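Open the model in your viewer and switch to a cartoon view. The stops below are meant to be selected in order.

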Amino acid sequence: MRKNVLCIFILITGVCVYSLFGLTSRAMAQQAVVIKAIMAWPENYTSNGPFREWVNRVNESGKGKVQIKLIGGPEAIPLFEQIGALKRGVVDVVNTAAAYYMGTIPEAEAFGLSRLNPEEERAKGFYDLMAEIHKEHGLMYLGRMQGAAPLGVLCTKIQIKSSKDLAGLKIRSVPIYDAFLKELRAVPVTIPVPEIYTALERGIVDGFIQPLAGGFTSLGFHEVVKYIVNHYFYQLPGTALVNMEYWNKLPQETRHFLINTVKENEKTVGKYFMALHSLEIEKGQKAGVKLVDFPPDDAKQFVETAYRTGWENLLKKSPKQGPRLKELSTK
């Protein structure tokens, strides 16, 4: 009798515990997932536009299930500490650019060298390979937050009529342009963006390579350069990255939701940045800045030299994945 009573007690206790566990699990599942996000640029900076649009999209359609909480920009976590903060789990998502973490993942340079839009990259397998590469470093590559608009725009103080006229000119650069400039016999000079204006004013440099979509007239560059070479190369390399450990813990439904909203968002990324690029060109021209067109053959060689030297540089750093990335990002 006692044995039967004990068995019944154990059975009832087990059912109660199981039920309680089930209720707790369901309650947890019903709670909204709150994702902490940081941005590489100050909050009001145009480069954050598509990312903020994606955040709004998630928060609107994910009400009660998924919410993204923006921590801020570099004022909250310094720019070059953000990837480290992401890996440590201080934040869950980072909106950044390949240039800020190529030292960790050299293959990220291929985002700028790609000649495809985000949808084409997914269709050809470029996205999948990039996701695998990032995964090896503890990061989930979620999708593009920049793209299509030119990264490489050459602006000069003096008029140049062909690429040959660049010989001997001092051009503000970053590492991804150095080999290209050296091949054209120009002198690359590394200067932080906030110092470009003064460097041009004082004659330290004769020009610079810089995307216009992030600011041209707004930074006053139209006051110190008078020419924009109307032949562009590379594309803006902004991405959204997620802590891989955090990503794996998310419910499958949430992961699918985030990926699908990014895919939708990617459809407008190119239009957004191309509109900014065109607007800056228009403003610059109204301020007296002139567009320079090289002879057709020279213009083609100018652009092809940029891509050739860019890929040569990446292939040296990534002999294993580089060739495949090049194949998957070329039309």
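The tour of this predicted model starts at one strand, widens to its sheet and the helices on it, and ends at a pocket.

**Stop 1: strand β3**

Select residues 93-97, which form strand β3. Are these residues buried or exposed? Five of the five are buried, so the strand is mostly covered, with buried meaning under 20% relative accessible area. Now show the side chains. In a regular strand, side chains alternate between the two faces of the sheet. Here Val93, Asn95 and Ala97 point one way, while Val94 and Thr96 point the other way. Both sets are buried.

**Stop 2: the neighbours of β3**

Add residues 33-39, strand β1, which pairs with β3 in the parallel sense over three bridges. To see one point of pairing, pick methionine 39: its bridge partner in β3 is asparagine 95. Asparagine 95 is also one of the buried residues from the previous stop.

Next add residues 238-243, strand β12. Its pairing with β3 is antiparallel and runs over five bridges. Label valine 93 and valine 242 to see a residue of β3 standing opposite one of β12.

**Stop 3: the whole sheet**

Extend the selection to the open sheet of five strands. In which order do the strands lie? The order is β2-β1-β3-β12-β4, and the pairing is mixed. The edge strands are β2 (66-72) and β4 (139-144), each of which pairs on one side only. Look along the sheet to see the turn between strands: neighbours are turned by 30° against each other on average, direction ignored.

**Stop 4: helices on the sheet**

Select residues 49-61, helix α2. This helix packs on the sheet and touches β1, β2, β3 and β4; its direction makes about 145° with that of β2. Then select residues 252-286, helix α10, which also packs on the sheet. Helix α10 touches β1, β2 and β4, and its direction makes about 35° with that of β4.

**Stop 5: the largest pocket**

Clear the selection, then pick Ala99, Tyr100, Val174, Val193 and Gln210. Of the 36 residues lining the largest pocket, these lie nearest its centre. The pocket holds about 920 Å³ of space. Two elements give two or more residues to the lining, α4 (110-113) and α7 (175-183). Which element gives the largest share? That is α7, with three residues. Colour the lining by residue class to finish: 28 residues are nonpolar, six are polar and two are charged.

Technical notes: Residues numbered from 1 in each chain as written. Predicted model: local features only at pLDDT ≥ 70, side-chain atom pairs only at ≥ 80, totals over all residues. Heavy atoms only, no water. 1 Å grid on protein atoms, 1.4 Å probe; cavity = no way out; pocket = protein on both sides within 12 Å on 5 of 7 lines; lining within 4 Å. Points joined across faces, edges and corners; volume = space filled by probe spheres on them. Helix = DSSP H or I, 4+ residues; strand = E, 2+ residues; numbered from the N terminus. Nonpolar A, V, L, I, M, F, W, Y, C, P; charged D, E, K, R; others polar. Buried < 20%, exposed > 50% of the residue type's maximum accessible area, 1.4 Å probe, protein only. Pairing = 2+ DSSP bridges. Axes fitted to C-alpha atoms, helices over the stretch in contact; angles between N-to-C directions. Contact = heavy atoms within 4.5 Å.
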